[in-house]
Amino acid sequence: MPGKVAIGKQDFASVIENKLFYVDKTSFIKEWWESGDDVTLITRPRRFGKTLAMSMTERFLSSRYPDSVLFRGLEIWKEEKYRKLQGTYPVIFLSFASVKAGSFVEARKKICRIITSLYEDLPGYLDMSRLRSRDREAVAAVSATMDDTDAGFSLHRLCCLLEGYYGKKAVILLDEYDTPMQEACARGYWDGLSDFVRGLFNATFKTNPYLERAILTGITRVGRESMFSDLNNLEVVTATSEKYETAFGFTEEEVFRALEEYGLADQKQQVKEWYDGFTFGRCPHIYNPWSVINFLGKGKFKSYWANTSSNTLVSNLLQKSDTETKLIMEDLMRGGELRTALDEEVVFSQLDRKQGAVWSLLLAGGYLKVKEVRLNRRKKPEYTLSVTNHEVHRMFGDMFTDWFEGRHCSYNRFSEALLSDDVSGMNRYMNEITLSTFSYFDTGRDHGENFYHAFVLGLVADLGEIYGITSNRESGDGRYDVMLVPESRTDNGIIIEFKVFRPERERTLEETAAGALAQIEEKRYETVLRKRGVSPERIRKYGFAFKGKEVLVRKGGGDNTGEVIPGL
């Protein structure tokens, strides 16, 4: 009988003791231990099992848990060598997941409190009275308000104390090391925090003779020149590395086996479309574990992973990006690909000004996947990127929706007008929205059809619960711009085609909109809807004509009461 599905469990002992659903990833411990690397940095998207893996590693190695029965029957327990290794090292396990602050002072204090809590556990197994006076003084100096020198050497000193007690060097496990860095970048205190963390990391992971080895996990690979400028002993494992390629996330074999165990084998293809698509190393089919577990427990297809935490940094970067970046995003949303050279190191201080840096962040975060890597003429790697899967596509749609909701309340009224076939209302609300938003997004360059295409996709994204929203797909004799395929047999199908006013081609926006409607008919875009059982009388066709901030919407073969409202 399969284990009970529990959502959000990150403590290994709790998962095993309560016999919850678990995919055995204990072979990671063997692979990592045999690598012999001093300090390992592993980057994976959020909710990909990093914290559970760190909890598992702590439970296996820590001398606090000798003779643990948790691993019996699991892969790591098959070899006597590792059975003897279990429970034999002092382990320091800490997480920066909670270090989310509005200022450097607050962030620094949170980090110091986390370290202080590690020291507070010391009296439980160290006889403080037997410590040398200088060690007692050092321990006493550790607090939430300790100075930079004491903070920088706090973990170094803790390793020394543990080595003195156990006679073995310590293992450090630092989870979500980059959460403070992302917050600092988003909130404007990067310089102060980077200096502080650089000092802490240097003393802990480089100039530390009491350290056996360490693992750091996070979402991003922070540039060496900022956090790890002095760490020449750092092994970096990113999404394109072959090390640990199946240790985080679920393989297709693991997912399909779980679906069979839970009686959901008939859902394999849809699960693949929604939650597959991540590529780690040589493995092209890694599934999002958070979403798969949620689906196993609830049996419904939703954007579970995309809604688990804030996407503030990504949203801010895309919103502030230039028109070219927005056009590339629009093409990616339509199923296109981006071929670009990029550095997998994310230099947070350059994210808002370095061209292409946003693609590095999107790749590290799991929002984009690598389809191919080739060397260019300069012998530097070029990546072919695409949107990871349907769930991520939906997330971007929701993100674009939020942009417009934040700028003007007409957004929801536009959706309502579209659903009710209120052409006059569609025209009024579209012009209200474009007037209030296009100046915000405009970077001084002319808007092409792709820009407006992305804009309208964002407007209709909230209809994804009742429509399948597709874009730039083949139907009939061409490729339509946007199609809304109804989930219910009683709802209407909707086809939208865009045209930008060209003075050399048309005299008025009316002619531009008419041209868009004519293209829908000439290319027989309704073919896909007809094949899906939508009758002709339930297919609505709209032509959108754009001229700067002016919009005209016309309906094919029906009421056209819309009018342009310039300078509203």
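What follows is a conversation about a predicted model of one protein chain.

Visitor: What is the mean pLDDT of the chain, to start with?
Guide: This is a predicted model, and the mean pLDDT of its chain is 85, with 86% of the residues reaching 70 or more.

Visitor: And where is confidence lowest, and where highest?
Guide: Confidence is lowest in strand β11, residues 345-346, at a mean of 68, whereas it is highest in strand β3, residues 170-175, at 98. There are also stretches with pLDDT below 50: residues 440-446, which have 13 contacts in the model beyond near neighbours in sequence, and residues 558-568, which have 26 contacts counted in that way. Where pLDDT is low, the predicted coordinates should not be read in detail.

Visitor: OK, on to the interior. Which residues of the largest nonpolar core touch the most other members?
Guide: That core has 49 residues, and the ones touching the most other members are Y275, L296, W359, L362, L385 and F396. Helix α16, residues 357-364, supplies the largest share of this core, 5 residues.

Visitor: Take L362, then: what does it touch?
Guide: Leaving aside residues up to four places away in sequence, L362 touches V314, L318, M329, Y367, L368 and F396. Another core, of 46 residues, lies apart from this one, and L94, I111, M181 and A214 are among its members.

Visitor: Switching to α3: how many of its residues are buried?
Guide: In α3, 12 of the 12 residues are buried, so the helix is largely enclosed by the rest of the structure. The buried residues include polar and charged ones such as K50, E58 and R59, alongside L52, M54 and F60.

Visitor: What do those buried residues of α3 pack against?
Guide: They pack against the helices α1 (12-17), α2 (27-35) and α4 (80-85), and also against the strands β2 (91-95), β3 and β4 (211-218).

Visitor: And how far apart are the end C-alpha atoms of α3?
Guide: The end C-alpha atoms are 17 Å apart, which agrees with the 16 Å that the 12 residues of α3, residues 50-61, should span at 1.5 Å a residue.

Visitor: What about P66, where is that?
Guide: P66 is in the loop between α3 and α4, and it is partly exposed, with a relative accessible area of 47%. Its C-alpha atom is separated by 7.1 Å from that of T88, although the two residues are 22 apart along the chain. Not counting residues up to four places away in sequence, P66 touches Q86 and G87.

Visitor: You mentioned β4; is it parallel or antiparallel to β1?
Guide: Strand β1, residues 39-43, pairs with β4 in the parallel sense over 5 bridges, and T43 has G218 in β4 as its bridge partner. β3 also pairs with β4 in the parallel sense, over 5 bridges, with L173 standing opposite I215 in β4. Since 7 of the 8 residues of β4 are buried, this strand is largely enclosed by the rest of the structure.

Visitor: Now the backbone. Which residue in the loop between β3 and α9 should I look at?
Guide: Look at E176, which lies in that loop and has a positive phi of about 55° although it is not a glycine. Y244, another residue other than glycine, has a positive phi near 55°, and it is found in the loop between β6 (234-237) and β7 (250-251).

Visitor: Is Y244 buried or exposed?
Guide: Y244 is buried, with a relative accessible area of 1%, whereas E176 counts as partly exposed because its relative accessibility is 26%, and buried means under 20%.

Visitor: Last topic: in what order do the strands of the open sheet run?
Guide: The open sheet has 5 strands in the order β14-β17-β18-β19-β20, with mixed pairing. Its edge strands are β14 (467-471) and β20 (550-555), each of which pairs on one side only. On average, and ignoring direction, neighbouring strands of this sheet are turned by 20° against each other.

Visitor: How many bridges join β19 to β20?
Guide: Strand β19, residues 539-547, is joined to β20 by 6 bridges, and the two run antiparallel; K547 has E550 in β20 as its bridge partner.

Visitor: And which helix lies across those strands?
Guide: Helix α21, residues 509-522, lies across β18 (493-500), β19 and β20, and it runs at about 140° to β19.

Notes: Residues numbered from 1 in each chain as written. Predicted model: local features only at pLDDT ≥ 70, side-chain atom pairs only at ≥ 80, totals over all residues. Heavy atoms only, no water. pLDDT = per-residue confidence, 0-100. Helix = DSSP H or I, 4+ residues; strand = E, 2+ residues; numbered from the N terminus. Contact = heavy atoms within 4.5 Å. Core = buried A, V, L, I, M, F, W, Y, C linked by side-chain atoms within 4.5 Å. Buried < 20%, exposed > 50% of the residue type's maximum accessible area, 1.4 Å probe, protein only. Expected span 1.5 Å × (residues − 1). Pairing = 2+ DSSP bridges. Axes fitted to C-alpha atoms, helices over the stretch in contact; angles between N-to-C directions.
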